[in-house]
Amino acid sequence: MNNITTRRNFIKSAGLLTAAAAILNPFEIFAQSRSSLLKRSAEKKLTLSWIPFDAKLRHPFTISGFTRTTTPIVLTEITWDGFTGYGEAAMPPYLGETQASVMEFLKKLDLSKFSSPFQIQDILNYVDSVALNNTAAKAAVDIALHDLVGKIMGQPWWKIWGFNPATTPNTSFTIGLDTEEVVKIKTLEASPYKVIKVKLGVNEKTDKMMVNTIRSVTDTIICVDANQGWKDKHYALEMIHWLNERNVNMIEQPMPKLLLDETAWLSEKSPLPIIADEACQRLTDIPKLKGAYHGVNIKLMKCTGMREAREMVSLAKALHLRIMIGCMTETSCAISAAAQIAPETEWADLDGNLLISNDMFEGMKIVDGKITLNELAGIGAIKL
Ligand code: MG
């Protein structure tokens with residue numbers, strides 16, 4: 001049975017959509033006709049598969065004399081009844097997961113015991129219970145499952161969730177630490193973006209050089225990520241006042257994540273919003289951040305995927321915390337999945353796919369600096 005016939009039968013029996021609208025959805029047909037890592041089966045059995053993938057970085061990344069030219073990723077697929085959902089685990093080395101650990105985790109899973117992909121809560125509760133941590137590996141299953149279910153329904157998740165695509169923020173584009181000359185060139189290259197993200201927290205001289213160099217080229221809004229680099233609250237406040245005079249609009253993780261009281265002191269006095277990144281991994285981290293931060297940075301690879309990210313958005317809103325959506329170095333698969341949540345966020349840092357040269361997916365696009373959602377069913381990405 002071909003995909004379109006399968007789809008027609010499904011729609012007829014489920015009555016979810018008008019058959020005409022769904023069958024004529026060219027994006028869905030196009031996505032489903034793309035080749036898959038596995039031979040597609042029309043069985044109503046949930047099957048998970050994976051393959052390691054080294055994403056090549058457009059610009060080598062150097063820290064302390066060590067240069068990285070690739071970033072490790074594991075791509076996943078879940079198949080059911082002729083449909084294929086795609087997912088991804090992206091592992092920055094500092095978070096402790098590797099291609100080997102992700103594949104070891106995925107090997108432990110048996111999704112065939114679930115009779116339907118629509119049992120999202122049961123399936124993901126089971127995945128989360130198999131072992132502690134492994135958040136990127138869990139996200140790889142979560143994203144593939146959401147992609148699969150969205151494709152069966154013939155709708156993108158931003159629509160299923162009822163979000164307004166017009167409310168997505170501009171994404172920031174990161175300019176890494178470098179010499180004045182290179183920072184100037186990178187700033188000029190970042191001109192299509194409406195927000196520049198700069199990583200600070202090295203030392204006062206370097207931090208100020210980075211911001212002054214960017215400001216010598218452009219007045220574009222800057223988001224600052226100090227990555228826990230400021231150890232003293234008085235110094236941090238001084239830096240924030242200095243930055244506030246230079247068109248900076250927020251500060252991510254200014255102090256070490258364990259210094260909650262000091263961060264609360266800083267947030268109370270800061271003229272700029274203070275956002276938790278390293279301090280905010282999962283849903284259960286959020287309540288204790290209330291009062292210490294103004295907002296949270298949600299990333300699929302930290303929080304096990306789209307289901308929990310959606311829950312984090314609701315909880316953060318209920319606690320009057322402001323919301324940012326971020327990413328690792330990822331292909332357009334995980335980036336498009338994260339973008340589904342972007343309409344509910346105030347800031348977005350979804351530039352991970354722009355940093356790699358061998359993206360295996362095409363999905364969410366940045367148009368005039370803004371995250372622009374498409375009509376593709378599922379996570380909004382197609383495999384190239
Ligand atoms: Mg950060």
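**Exercise 1. The metal site**

Determine which spacing the donors of the magnesium ion follow along the chain, and where the donors lie.

*Solution.* Step 1: along the chain, the magnesium donors are spaced as D-x26-E-x24-D. Step 2: Asp-225 and Asp-277 belong to distant parts of the chain, 52 residues apart. Asp-225 is in strand 6 (residues 221-225), whereas Asp-277 is in the loop between strand 8 (274-276) and helix 12 (286-289). Step 3: in this predicted model, the ion is coordinated at 2.2 Å by Asp-225 (OD), Glu-252 (OE) and Asp-277 (OD). Step 4: Asp-225 and Asp-277 are both buried. Step 5: Asp-225 and Glu-252 also belong to a network of salt bridges, together with Lys-197, Lys-199 and Asp-349.

**Exercise 2. The faces of helix 4**

Identify the buried residues of helix 4 (residues 99-107) and state how they are arranged about the helix axis.

*Solution.* Step 1: the buried residues of this helix are Gln-99, Val-102, Phe-105 and Leu-106. Step 2: viewed down the axis of helix 4, the buried residues fall within an arc of 130 degrees, so they line one face of the helix. Step 3: Ala-100 and Lys-107, on the other side of helix 4, are exposed.

**Exercise 3. A salt bridge between two helices**

Classify Lys-138 and Asp-128 as buried, partly exposed or exposed, and locate the salt bridge they form.

*Solution.* Step 1: the side chains of Lys-138 and Asp-128 meet in a salt bridge, at 2.8 Å from N to O. Step 2: Lys-138 is in helix 6 (residues 135-153) and Asp-128 in helix 5 (residues 120-129), 10 residues apart. Step 3: the cut-off for buried is under 20% relative accessible area. Lys-138 has 3% relative accessibility and therefore counts as buried. Asp-128, at 26%, counts as partly exposed.

**Exercise 4. A link across the sequence**

Explain why the salt bridge between Lys-159 and Glu-375 ties together parts that are distant in sequence.

*Solution.* Step 1: the closest N and O atoms of Lys-159 and Glu-375 are 2.7 Å apart. Step 2: Lys-159 lies in helix 7 (residues 157-160), and Glu-375 in the loop between strand 14 (370-372) and strand 15 (382-383), so the pair joins parts 216 residues apart in sequence. Step 3: Lys-159 is partly exposed, with a relative accessible area of 36%. Glu-375 is likewise partly exposed, at 38% relative accessibility. Step 4: a search of the whole structure finds 20 salt bridges.

Notes. Residues are numbered from 1 along each chain as its sequence is written. This is a predicted model: local features need pLDDT of at least 70, side-chain atom pairs count only at pLDDT 80 or more; totals for chains, interfaces and linings use all residues. Side-chain values use heavy atoms; hydrogens and water are left out. Donors are N, O and S atoms within 2.8 Å of the metal (3.2 Å for Na, K and Ca); water is not among the atoms, so sites may look incomplete. Helices (H or I, at least four residues) and strands (E, at least two) are DSSP runs, numbered from the N terminus. Buried means under 20% relative accessible area, exposed over 50%, partly exposed in between (1.4 Å probe, protein chains only). The arc is that of the directions from the helix axis to the C-beta atoms. A salt bridge is a side-chain nitrogen of Lys or Arg within 4 Å of a carboxyl oxygen of Asp or Glu.
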